[in-house]
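Me: I am new to this structure and would like a close look at a single part of it, the largest cavity. Please explain what surrounds that space and how the surrounding elements are arranged.

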Amino acid sequence: MAKPSKVSAVAELTDKFRGSSAAVVTEYRGLSMAQLTTLRRALGAGTTYTVAKNTLVKRAAEDAGVEGLEALLVGPTAIAFVEGEPVDAAKALRDFAKDNKALVIKGGYMDGRPLSVEEVTAIADLETREVLLAKLAGAMKGNLAKAAGLFQAPASQVARLAAALQEKKAAEAPAAAEADAPAES
């Protein structure tokens, strides 16, 4: 018979798996409570960093339909459950792991499939959603400016052509008047 505390822990972890857009599995062996607190703050409000027993995490992952994490659940395990953008959480974990060698990123889970350490690092190397949207908006604005220039070009060419013809006529008029004047005398 399972203890009620373990049943509630599995249910809580199952809800976190179902409610998160991504999960990153880490090993925290050797980190102090102060360092874990610093890591939780660095992860931000959209990410929950949970230390849990591997057997409970395995059971919760199975209940949530998450497959492929069994190999990662060895040794002291903590999971970062990401509710928003996974890029910010992956960056925070990567940067914290650089400063604190005791934190080891084992892998993760996103979009229905397990992630390797390299894939988590690749996600951390991506730019945030806001930066990508700003770049897209800038590119679109640049293309619109080019299109406006192309649409305006024929009108400005016609105006320059008309001005050149007018100058040519003005220059030819005095020359024609001079040519007619000696012939009349």
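Reply: A cavity is here a set of grid points where a 1.4 Å probe fits but cannot get out. Rolling a probe the size of a water molecule over the atoms shows where empty space is left. The model is a predicted one, and a search of the whole structure finds 1 cavity of 30 Å³ or more. About 60 Å³ of space lies in the largest cavity.

To place this part, it helps to begin with the chain, which is divided into domain 1, residues 1-125, and domain 2, residues 127-176. The C-alpha centres of domain 1 and domain 2 lie 55 Å apart.

The residues that line the largest cavity are A22, A23, V24, V82, P86, A90, Y109, M110, L115, V120 and I123. Sorted by class, this lining has 11 nonpolar residues, with no polar and no charged ones. At least two lining residues are supplied by each of strand 1 (22-27), helix 4 (86-99), strand 4 (104-110) and helix 5 (117-125), and the largest share, 3 residues, comes from strand 1.

The strands can now be seen in their setting, for 5 strands form an open sheet in the order 2-3-1-4-5, with antiparallel pairing. Strand 2 (47-52) and strand 5 (113-115) stand at the edges, and each has a single partner strand, so one side of each is left without a neighbour in the sheet. From one strand to the next, the twist averages 20°.

At the strand 2 edge, 6 bridges join strand 2 to strand 3 (residues 77-82), and these two strands run antiparallel; T48 stands opposite F81 in strand 3. Helix 2 (residues 33-43) packs on the sheet, where it touches strand 2 and strand 3, and the direction of helix 2 makes about 150° with that of strand 2.

Definitions and conventions: Residues are numbered from 1 along each chain as its sequence is written. This is a predicted model: local features need pLDDT of at least 70, side-chain atom pairs count only at pLDDT 80 or more; totals for chains, interfaces and linings use all residues. Side-chain values use heavy atoms; hydrogens and water are left out. Domain bounds come from an automatic or database domain assignment. On a 1 Å grid over the protein atoms alone, a cavity is a set of points where a 1.4 Å probe fits but cannot get out, and a pocket is an open set with protein on both sides within 12 Å along at least five of seven lines; lining residues have an atom within 4 Å of a point. Grid points are joined across faces, edges and corners, and a volume is the space filled by probe spheres set on the points. Helices (H or I, at least four residues) and strands (E, at least two) are DSSP runs, numbered from the N terminus. Ala, Val, Leu, Ile, Met, Phe, Trp, Tyr, Cys and Pro count as nonpolar, Asp, Glu, Lys and Arg as charged, and the others, Gly among them, as polar. Two strands pair if DSSP finds at least two bridges between them. Axes are lines fitted to C-alpha atoms, for helices over the stretch in contact, and angles run from 0 to 180 degrees between N-to-C directions. Contact means heavy atoms within 4.5 Å.
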